[in-house]
Every structure is written in structure tokens, then in C-alpha cells.
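This briefing covers salt bridges and the accessibility of the residues that form them.

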Amino acid sequence: MVGDTDVVIIGGGIGGLAAAAFLQQAGRKVRVFEQAPEVKAVGAGILVTPNAGRLIRRLGVMETFERAAVRLEEAWRFRRWSDGSVLFSEVLGEDCRRLYGEYCYVAHRADLLDSLRAAVDGDSVVLGKRCSHVEQSGDGVRVSFDDGTTVTADMVIGADGVRSAVARAVTDKPEPVFSHLAAYRCLIPAADAPDFMRDPIHTVWLGPGRHFVHYPISGGKYINIVALVPESEWRAESWSTQGALDDFEAEFAGWDPHVSGLIGVATSVERWALFDREPLSQWVNGSIALLGDAAHPMYPFFGQGAAQAIEDAAVLGRCLADESVDHRTALLNYQKARIARATEVQIRSRERAGSHHLPDGPEQRIRDERFKKEDRYKHNAWLYAHDAEESIVPKGSAV
């Protein structure tokens with residue numbers, strides 16, 4: 001071990017904090033470096049499906065999380081854009097716990113971050129430190145920051161997003177590219193929403209070229225709205241900018257009045273660019289590994305971005321708890337356990353964009369008929385039933 005730390009994590013978002021919590025559970029000495037001056041959530045609402053919820057419970061912070069989260073009765077209710085008719089409902093509630101060992105939740109990202117932060121030792125997170133370069137040698141891995149300081153550790157984990165600085169030390173894949181999709185995001189007081197929009201249901205309205213999502217968060221105090229729309233070219237310097245409410249309304253002109261009515265209650269809205277990258281065949285280079293969006297950026301069509309990062313973190317912790325192998329082998333075991341699963345979710349999330357945004361016509365009608373044949377209890381069993389920690393190669397294995 002080099003100095004007082006054997007693992008440095010770059011990035012203090014959901015993936016980085018989850019990794020810190022699981023690694024500390026495994027007995028590792030960890031420090032997290034986050035570029036922002038405070039740990040805070042970007043965006044508002046988040047879906048926490050059973051495959052992630054089980055892992056949060058294993059961290060011992062589920063009680064904290066549940067105080068602010070909303071337990072879903074239905075994880076996916078698809079509605080038709082023009083009249084609100086229900087195309088499909090995935091029934092969950094108590095059956096979700098019976099089938100998958102955990103409930104399905106929606107929450108404010110800040111509440112999930114706070115819960116994960118509670119599982120991390122108080123002095124482990126260092127704020128206001130932007131990573132500029134990562135380099136490894138026989139003595140460990142050296143991280144350089146924009147302020148001229150450096151830190152060295154046995155291992156570095158890049159949990160610093162799709163534009164990861166750490167990834168440059170792992171892969172020569174190109175930078176992420178704009179997906180030609182943008183998201184509008186906002187919160188409105190639940191008291192201002194129609195009754196059915198306050199129900200504990202994750203609702204998705206499907207329409208030509210775009211879709212509209214809403215669900216309650218913060219213990220039901222707010223309604224989270226996110227809507228994906230086509231965007232020909234992203235000109236803003238930031239991925240997230242203040243949006244124009246008139247533009248937001250225009251994107252959904254002619255939709256069911258409940259949608260336009262909900263948009264009309266909003267007092268401000270943000271626009272968020274979606275970036276994409278082809279799946280990586282390598283997440284690990286020696287003593288450096290990637291996690292979360294740095295390894296596998298996800299379209300939000302399955303609501304799995306945060307869940308897959310938490311799965312990564314749990315597996316990383318288990319692999320690095322194995323004292324029978326050196327840490328480089330442990331990192332390769334982490335990659336072997338995770339890469340196929342995360343890549344499948346990444347690819348299937350991308351493919352779902354086409355299905356969600358079909359124009360009215362024969363393909364749309366085939367999709368809607370297919371919904372009628374779906375099992376209302378096991379629509380996403382391939383996601384929810386997966387236990388990430390069971391995917392780890394046997395103890396002591398080398399890749």
C-alpha cells in the first residue's frame with residue numbers, strides 16, 4: 001500500500017460514493033476526489049430498481065433512503081401520446097419484493113446521494129479537486145489535479161462520467177458523441193398536478209419522435225418530469241443548460257391535455273444533452289479501472305444508469321475483498337464479472353429509443369400489440385432478478 005490510501009476514486013457521484021462504501025466494507029482504505037465544491041445531484045429524479053435496491057440494503061442505508069424515496073406500485077406504465085390510453089402496466093408493489101427480493105423506488109438523486117454518503121467514512125471525500133491526468137508506474141498510480149497537486153495510491157477507479165479523465169489511461173476509444181437527443185427536466189409541486197400523476201407510478205407517454213415521463217419523488221412532495229426530444233445539434237458549452245418553457249411546450253403541442261397541463265405548471269426547466277459511446281472491450285489497465293458512465297454510458301430508456309454503477313461498485317468491492325489474489329488480478333476479475341452484463345444493458349437501452357419514439361403507423365401498432373402480450377409481473381425480470389455479487393468469478397481465480 002502506498003501512503004495512507006490504497007484506492008483513489010475519481011468522481012463523487014452515485015457510482016463513486018457507492019464504490020467507496022463497498023470498498024470500505026471490504027476493508028480498503030479509500031479516498032474520493034470530486035471536482036465539484038460540494039456533493040450534489042445533477043438532474044432530479046431517479047429510478048431505483050430491485051437489482052440496485054438490494055445492494056443499497058446491503059450497505060445498511062436502506063432505512064435512510066426509504067424515508068425520502070417513493071415505493072412504486074407500477075414501475076412502467078406506458079400511455080399513448082394523443083389520448084393517454086394505457087398501453088401496458090408492469091404490476092409491482094408487494095409482488096416486486098416477492099419476485100425479486102426488493103421493492104422498486106423512485107427518488108430525488110440528492111436523496112440517493114445522501115444515503116450513499118452516509119455509508120462512507122466522513123473524511124474520505126475531498127471536494128474541489130478536478131483530475132487532469134493519471135499515470136501508473138511500479139510504485140503505484142499517480143493522479144494529477146488541475147490545482148497542481150498530486151496523490152498516489154495502489155489503485156485508481158475512474159467514476160468520473162462519460163467524459164472521464166481516467167478513461168484516457170485505460171482506452172483509446174474516441175470521446176463520446178452527441179446522440180441527437182436532449183432531455184427536458186423539471187420539478188413541480190405535487191399539489192399542482194392532477195390526482196393520477198401523484199400516484200406511485202413511473203409513467204411514460206410514448207409518441208412520435210419523443211417521450212414524456214413523470215413520477216412523484218421526495219416522499220411525494222414533488223412530481224419529477226423528464227422528456228426526451230430530438231435535437232439536431234447541441235451548441236451549448238455545458239451538457240445542462242437552462243431551457244425555455246415555450247420550447248418545452250412546443251415539443252409536446254397536440255399531445256394529451258394532461259401533458260401540456262403539467263408542463264404549464266412548471267416555472268423553469270433544464271435541457272440536458274445525451275451523449276453516447278460504443279461499448280468498451282476493456283475497463284481495466286493494470287491498476288486503473290473504470291466504473292459507471294466512465295465505463296458504460298447509458299441511454300435512460302431502462303432507467304439503469306445509476307443501477308449499473310451501483311452493481312459495478314458492489315462487484316468491485318467483493319473482488320477487492322479477495323485477499324488470495326493481487327489487486328491487478330482482482331480488477332480483472334471485476335471486469336470479467338461486469339462487462340457482459342453492463343454492455344447488454346447499454347446496448348438494449350440504446351435500441352429501446354427506436355421503439356419508444358415510433359411514429360404512428362404499422363410499426364407503432366405492432367409495438368402496442370406486443371405490449372398486450374407482455375407478462376405484467378416479469379416485464380423486466382432480466383434486469384431486476386440479476387444479483388451482481390453472484391456474478392463474480394470463484395474466489396482466487398485469475399482471468
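Relative accessible area under 20% counts as buried, over 50% as exposed, and anything in between as partly exposed. At 34%, Arg198 therefore falls in the partly exposed class. The model is predicted, and a search of the whole structure finds 25 salt bridges.

**Arg198 and Asp195**
- The side chains of Arg198 and Asp195 form a salt bridge, with an N to O distance of 2.3 Å.
- Asp195, with a relative accessible area of 55%, is exposed because this value is over the 50% cut-off.
- The pair thus joins a partly exposed Arg198 to an exposed Asp195.

**Arg338 and Glu311**
- Arg338 pairs with Glu311 in a salt bridge whose closest N and O atoms are 2.6 Å apart.
- This salt bridge links distant parts of the chain, as the two residues are 27 residues apart.
- Arg338 belongs to helix α9 (residues 327-356), whereas Glu311 belongs to helix α8 (residues 305-320).
- Both Arg338 and Glu311 are buried.

**The network around Arg57 and Glu66**
- Arg57, Glu66, Arg71, Glu94 and Glu102 are joined into one network by salt bridges that share partners.
- Within this network, the side chains of Glu66 and Arg57 meet in a salt bridge at 3.9 Å, N to O.
- This distance qualifies because the cut-off for a salt bridge is within 4 Å.
- Glu66 has a relative accessibility of 27% and is partly exposed.
- Arg57 is also partly exposed, with a relative accessible area of 32%.

Technical notes:
Residues are numbered from 1 along each chain as its sequence is written. This is a predicted model: local features need pLDDT of at least 70, side-chain atom pairs count only at pLDDT 80 or more; totals for chains, interfaces and linings use all residues. Side-chain values use heavy atoms; hydrogens and water are left out. Buried means under 20% relative accessible area, exposed over 50%, partly exposed in between (1.4 Å probe, protein chains only). Helices (H or I, at least four residues) and strands (E, at least two) are DSSP runs, numbered from the N terminus.
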